[in-house]
Every structure is written in C-alpha cells, then in structure tokens.
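Colleague: Could you take one helix of this predicted model and walk me through it closely? After that, carry on to whatever else you think is worth a look.

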Amino acid sequence: SARNRYRVHHSMASIISLIGAPGSGKGTYGALLASRISNTSFVSVGDILRENSLTNKNLALVLRSGALVDDAIANDAVVQSLESRTNSKSDGSIRVILDGYPRTYAQASLLSRWPVSLRPTLAILFDVPDEICKTKMLGRRKCSICNRSFNINGIHTGGFDMPPMLPESCEVECDQEVDWKKRDDDTSDTIKLRMEVYHMETKPVLKYWEDQGELL
C-alpha cells in the first residue's frame, strides 16, 4: 500500500511548509529561519527536483519550461528526501523547513498517505506582489566558482525594503560578469508562465491549509 511504501520506523518530526509565488523569498527566509532553529534543516523541493533532473532528461525539460512537475514524481522525491533525513538520525527525529511542497491541491491530498511523522503541521504564506517576485527572480545569480547565491536587484517600493544580496567578502576571487550565472528557468517568458501556474494551481492549496487550521 502507499502507506507501507512510505513507512518509517520513527515518529519524531517537525515539518513546516512554506507557500508563496516563485521569487517571494521562501528560499532566502526559509534558510534563514532554519539557521535560527536548533537542529533544523532547510529543504528546497526545487533543489531536490533539479538534482534529480541531472539524470532525468524529461524532468529537466519540464523544469526549464516553467511547468509544474507531475504530482506523483514530486511527491516521491520529497518523501524520499525526508525519509533519508529521518533514517540518518539515530532517534529518527527531524526538524525541516520545507520550501515548495505541496504546490497543488492534488499534492496536498497525497499528504494523507504519508506517515504521520512526516506530514507538515504548519504552513506559512509569503504574500508578495507578482511584480516584486519577477524583479527578484530576474536578479538571481549563482557563482560558478564559490557556489554562493546572490541577487543583484533591489526592491524599495510598496512597503517592501529588499536590498540586493551581494557578497560582503569572499575568500575566492570571482568575477560577477563572468562567473555569476542565471538559472535556466529565470527568463521573462518562463517567469510569466510560472506565475500563472502558481495562481492557478498553488493558491487552492491555501484552502487545504485553512481547512486544517494550519495556515499562518
């Protein structure tokens, strides 16, 4: 059965799900939140899928297009990642900030098949206007030398004060013009599609969390 398929042997977990449009800051602030809570990991579903796409060409094409990944594929990837973290702990305990799951109502419905120990117990909504999200996504960069992530665009409008995220110091000499790379899916056309998909597919997930009384 699906429940047996996702069986784990321990039941000590605390998982928070982050919800918000692409570029709303889930990754940045999710990682910051995890760093402030003892023994907590930040898990990005996007990173999990991008890693899996290195050996799956069809998945790589879907990610590049900006479309949502098949619910079953995303579900399996997330469960496997959480299970591996649980199994690496001697007492099976994990604390996780989960960015990017569930993204559709169908994915949210699949949570009922998960072991109770792995189900998120709280969802936090990042409510950020589309134009701000787009500006931040177009500014995302990752250094191919030191592997750090930056953002060259700043936002100072509509009550939002989000300065560029630039390195204060770096042990590695890297050239912003040469070494800082954009993600393949951070193009204007792809971002437009991703925002449309978010509003159509992900916003209904809010009702799921509201019905559970677990939306913050």
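Modeller: Take H4, the helix running over residues 57–65: its buried residues are Leu59, Ala60 and Leu63. Look down the axis of H4 and those buried residues fall within an arc of 100 degrees, so they line one face of the helix. What that face packs against is helix H3, residues 45–53. Swing round to the other side of H4 and you find Lys57, Asn58 and Leu61, which are exposed. Both ends of H4 deserve a glance too. At the N-terminal end, Asn56 acts as the cap, with a side-chain oxygen 3.2 Å from the backbone nitrogen of Asn58. After the helix comes Gly66, with a positive phi near 95 degrees.

H2, covering residues 26–36, can be read in a similar way. Here the buried residues are Lys26, Gly30 and Ala34. Seen down the axis of H2, they fall within an arc of 55 degrees, so they too line one face of their helix. Ser35 and Arg36 are exposed on the face of H2 turned away from that buried side.

Now over to a strand. Ser17 sits in E1, residues 13–20, and it is buried, at a relative accessible area of 0%. A polar atom of the Ser17 side chain lies 2.6 Å from the backbone oxygen of Tyr101. Beyond its neighbours within four places in sequence, Ser17 is in contact with several residues, including Leu98, Pro102, Leu122, Ile124 and Trp209, as well as Tyr101 itself.

Tyr101 leads us to the aromatics. The whole structure holds four aromatic pairs. One of them is Tyr101 with Trp114, a stacked pair with 5.7 Å centre to centre and 15 degrees between the planes. Tyr101 is in the loop between strand E3 (94–99) and helix H6 (105–110), while Trp114 is in the loop between H6 and strand E4 (122–126), so the pair links distant parts of the chain, 13 residues apart. Tyr101 and Trp114 are both buried.

Then there is Tyr105 with Tyr208, an edge-to-face pair at 6.4 Å centre to centre and 85 degrees between the planes. Because Tyr105 lies in helix H6 and Tyr208 in helix H9 (residues 188–212), this pair ties together parts that are 103 residues apart in sequence. Tyr105 counts as partly exposed at 40% relative accessibility, whereas Tyr208, at 16%, counts as buried. Those two tyrosines also belong to an aromatic cluster with Trp209, and Trp209 is among the contacts of Ser17.

A word on confidence before you zoom in anywhere. The mean pLDDT of the protein chain is 83, and 89% of its residues reach 70 or more. Among the elements, helix H7 (residues 130–138) has the highest mean pLDDT, 94, and helix H1 (residues 2–5) the lowest, 38. Over residues 1–12 pLDDT stays under 50, although the model has 28 contacts beyond four places in sequence for that stretch. Where pLDDT is low, the predicted coordinates should not be read in detail.

Key. Residues numbered from 1 in each chain as written. Predicted model: local features only at pLDDT ≥ 70, side-chain atom pairs only at ≥ 80, totals over all residues. Heavy atoms only, no water. Buried < 20%, exposed > 50% of the residue type's maximum accessible area, 1.4 Å probe, protein only. Helix = DSSP H or I, 4+ residues; strand = E, 2+ residues; numbered from the N terminus. Arc of directions from axis to C-beta. Polar contact = N/O pair within 3.5 Å; in protein donor to acceptor, adjacent residues only side chain to side chain. Contact = heavy atoms within 4.5 Å. Phe/Tyr/Trp six-rings, centres within 6.5 Å; stacked < 30°, edge-to-face > 60°. pLDDT = per-residue confidence, 0-100.
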